[in-house]
Amino acid sequence: MRYFISLTLMLVMLWLGLSGVYKPLLFILGAGSVGLVVWLTERMEVLGAEHDPGTLSWRLPVYWGWLLWQVVIANLMVARAVLQPGRIRPGMFEVQATQRTRVGRVTYGNSITLTPGTVTTRLRSDDDRLEVHALLPEAAEDLRGGAMARRVCWLEGQQ
């Protein structure tokens, strides 16, 4: 029960913080959205078994800040590549997913996809490898270096 309460409180705070508009209709829509997410989380049986919202509560904003900075850096790299098309050398490769949970691996794959110039093309539940497409060799080397994987592991509470 503790997991559901912490998830509900986190989602309510996120909804209120991001919406910035406090009208009755938005409160109703927000409550419905939070209820739906908590219900789906229960149906998927991942809450508690996969992650604890209380553990992520303080780590998540730190991770989001780091990821936002990575998105800015990748945007600059892609913009530079657009101006110098000879730098563009797309390629497919695999990276190791060192996260211990499915939610961690999905977070890692989504973080790769959110970063401009890279897309996670395959993530299987029975494998610990992700297939990635990168537009630039520098982006591929950054992912192979494992900094993002380590950050997601830290987000999970592994380090």
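The exercises below deal with salt bridges and a helix contact in a predicted model.

**Exercise 1.** Find how many salt bridges the structure holds, and state which parts the pair Glu138 and Arg87 ties together.

Solution.
- The structure holds three salt bridges.
- In one of them, the side chains of Glu138 and Arg87 meet at 2.0 Å, N to O.
- Glu138 belongs to helix H5 (residues 137-145), and Arg87 to the loop between helix H3 (53-83) and strand E1 (91-96), so the pair links parts 51 residues apart in sequence.
- Arg87 is buried, at 16% relative accessible area, and Glu138 is partly exposed, at 28%.

**Exercise 2.** Decide where the salt-bridge partners Arg144 and Glu141 lie.

Solution.
- The closest N and O atoms of Arg144 and Glu141 are 2.9 Å apart.
- Both residues lie in helix H5, three residues apart, about one turn of the helix.
- Arg144 is partly exposed, with a relative accessible area of 45%, and Glu141 is partly exposed, with 48%.

**Exercise 3.** Explain why Glu156 has no salt bridge with Arg100.

Solution.
- Glu156 lies in helix H6 (residues 147-156) and is buried.
- Arg100 is the nearest side chain of opposite charge, 5.1 Å away.
- A salt bridge needs the nitrogen and the oxygen within 4 Å, so the pair does not count as one.
- Glu156 does touch Arg100, along with Gln99, Thr101 and Gly104.

**Exercise 4.** Describe how helices H4 and H6 pack.

Solution.
- The angle between H4 (residues 102-114) and H6 is about 140°, and their axes are 10 Å apart.
- That makes H4 oblique to H6.
- Residues in the contact include Gly104 and Tyr108 of H4 and Val152 and Glu156 of H6.

How values were computed:
Residues are numbered from 1 along each chain as its sequence is written. This is a predicted model: local features need pLDDT of at least 70, side-chain atom pairs count only at pLDDT 80 or more; totals for chains, interfaces and linings use all residues. Side-chain values use heavy atoms; hydrogens and water are left out. Helices (H or I, at least four residues) and strands (E, at least two) are DSSP runs, numbered from the N terminus. Buried means under 20% relative accessible area, exposed over 50%, partly exposed in between (1.4 Å probe, protein chains only). Lys and Arg count as positive and Asp and Glu as negative; His and the chain ends are not counted. Contact means heavy atoms within 4.5 Å. Axes are lines fitted to C-alpha atoms, for helices over the stretch in contact, and angles run from 0 to 180 degrees between N-to-C directions. Angles under 35 degrees count as roughly parallel, over 145 as roughly antiparallel, 65 to 115 as roughly perpendicular and the rest as oblique. Lists of a residue's contacts leave out its neighbours within four places in sequence.
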